[in-house]
Amino acid sequence: MFSLELSETHEMIRQTARQFAQDEVAPTAVERDKSGEFPMEIVRKMGELGFMGMMVDPEWGGSGLDALSYVIAMEEISKVDASVGVVMSVNNSLVNWGIQTYGSDAQKERFLKPLAAGTVHGAFCLSEPEAGSDATSQHTTAEKVDGGWVLNGTKNWITNGTTAQTYLVMAQTNRELRHKGITCFIIDRNSEGFEPGLKEDKLGIRSSDTCSIGLTNVFVPDDQILGEVGQGFRIAMESLNGGRIGIAAQALGIATGAFEAALAYSQQRKAFGKPIADLQAIQLKLADMATKVEASRMLVYKSAWMKDMHLDYIKAAAQAKLMASTTAVQVALDAIQVHGGYGYVREYLVERFLRDAKITEIYEGTSEIQHIVIARELVKGK
Ligand code: CAA
């Protein structure tokens with residue numbers, strides 16, 4: 001039975017993440033949103049605090065914490081800057097998790113340790129120009145050669161793409177087997193023929209880096225296959241189940257930030273002779289926003305708790321992401337409405353919440369994909 005009891009450790013993590021976000025992230029967030037500069041120094045400091053390897057076993061240099069701790073930290077950091085949140089989320093959920101779960105000791109020693117320590121960060125390469133939601137349609141190929149594999153293809157929308165050091169890349173090793181012919185490779189960015197493209201100019205999460213990646217005859221040795229040949233799609237899907245909890249926490253952070261900004265503004269802004277928070281039109285909005293944020297928080301924490309309890313969390317993760325991302329967009333829109341004209345200009349900062357929120361309905365499975373995942377689980381009786 002789900003019980004939401006946060007321990008002293010959880011509270012301490014919230015305080016640490018909140019303080020870090022205020023002291024280290026907030027001062028440069030506006031400027032980085034404008035310039036699109038990647039928060040490299042902040043990411044390295046997150047590594048020192050243990051935020052880049054939160055659920056990695058201490059044996060491999062991680063913090064050895066649970067998923068609930070992770071979502072609490074994600075929420076606090078994304079409340080201040082969702083760009084920093086997504087760098088942390090991809091590293092923890094999509095890269096570390098796969099290597100920790102499926103990697104050999106040698107792979108953990110070489111790749112996981114620096115990722116968990118945050119001295120480098122990673123990227124997850126599943127999407128392609130013609131394989132987004134339809135992820136089984138991978139066009140990137142890996143051909144067997146002596147001692148390894150040669151990869152060719154293009155990956156798209158790769159978060160951390162221009163700045164990462166370690167990339168998990170899905171490729172077809174046997175097209176006839178469809179998704180069972182997909183294999184996951186660990187690739188170092190210095191590999192010959194591995195070429196991250198230019199950083200995309202995005203609507204939101206502008207200081208995180210997203211790019212395409214070209215692979216031209218990239219040789220990857222056998223010992224850089226993660227798991228087994230043909231296991232790549234399973235690794236990708238399982239990683240994304242956890243990833244969706246991370247992105248749900250990012251969306252929760254954005255929604256909370258937007259709500260808190262709207263509440264504070266409504267108490268200070270006067271109209272018709274009183275603070276607008278006393279006007280019923282605004283009160284209806286505030287009540288609605290707070291309720292949606294709290295409902296999202298419950299689903300996000302519940303999905304993390306289920307992961308921690310080793311329960312099947314596929315449906316819970318998809319529900320958390322669907323709910324929290326929809327809420328983030330709606331609450332950010334309402335926060336702009338509460339601010340009126342001031343909400344529409346950059347000086348007042350709330351418009352960034354809306355621009356940052358939108359991507360949470362798209363990446364790590366669109367809302368439409370989350371509906372499919374939830375419905376399929378329901379039909380299975382889960
Ligand atoms: N968990 C575990 N396994 C899963 C799974 C899940 N959530 N979803 C599917 N699978 C397994 C199925 O069990 C099946 O395995 P078996 O054949 O062994 O039984 C296999 O995957 C194929 O599944 P389907 O036959 O159902 O395939 P499908 O093509 O009908 O549907 C899909 C698959 C659910 C739509 C899947 O393609 C999907 O999730 N698409 C969305 C992709 C996505 O989320 N992309 C995000 C990109 S990464 C990103 O955004 C990161 C970033 O940079 C921020």
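**View 1. Domain contributions to the ligand shell.** In this predicted model, domain 2 (123-230) and domain 3 (234-380) each supply at least three residues to the shell around the ligand; the domain bounds come from an automatic or database domain assignment. Residues count from 1 along each chain as its sequence is written, side-chain values use heavy atoms without hydrogens or water, and local features need pLDDT of at least 70, side-chain atom pairs pLDDT 80 or more, while totals for chains, interfaces and linings use all residues.

**View 2. The closest neighbours.** Here we meet S133, T159, H179, R244 and R376, which come nearest among the 24 residues around the ligand (a residue is near if one of its heavy atoms lies within 4 Å).

**View 3. Polar contacts to the ligand.** These are pairs of N or O atoms within 3.5 Å. The side chain of H179 places an N or O atom 2.7 Å from a ligand oxygen atom. For N241, a polar side-chain atom is 2.9 Å from a nitrogen atom of the ligand. A135 takes part through its backbone, with an N or O atom 3.5 Å from a ligand oxygen atom.

**View 4. Helix α6 at the ligand.** With 5 residues, α6 gives the most to the shell around the ligand (helices are DSSP runs of H or I, at least four residues).

Terms used: A polar contact is a pair of N or O atoms within 3.5 Å; within protein, one must be able to donate a hydrogen and the other to accept it, and residues adjacent in sequence count only if both atoms are side-chain atoms. Helices (H or I, at least four residues) and strands (E, at least two) are DSSP runs, numbered from the N terminus.
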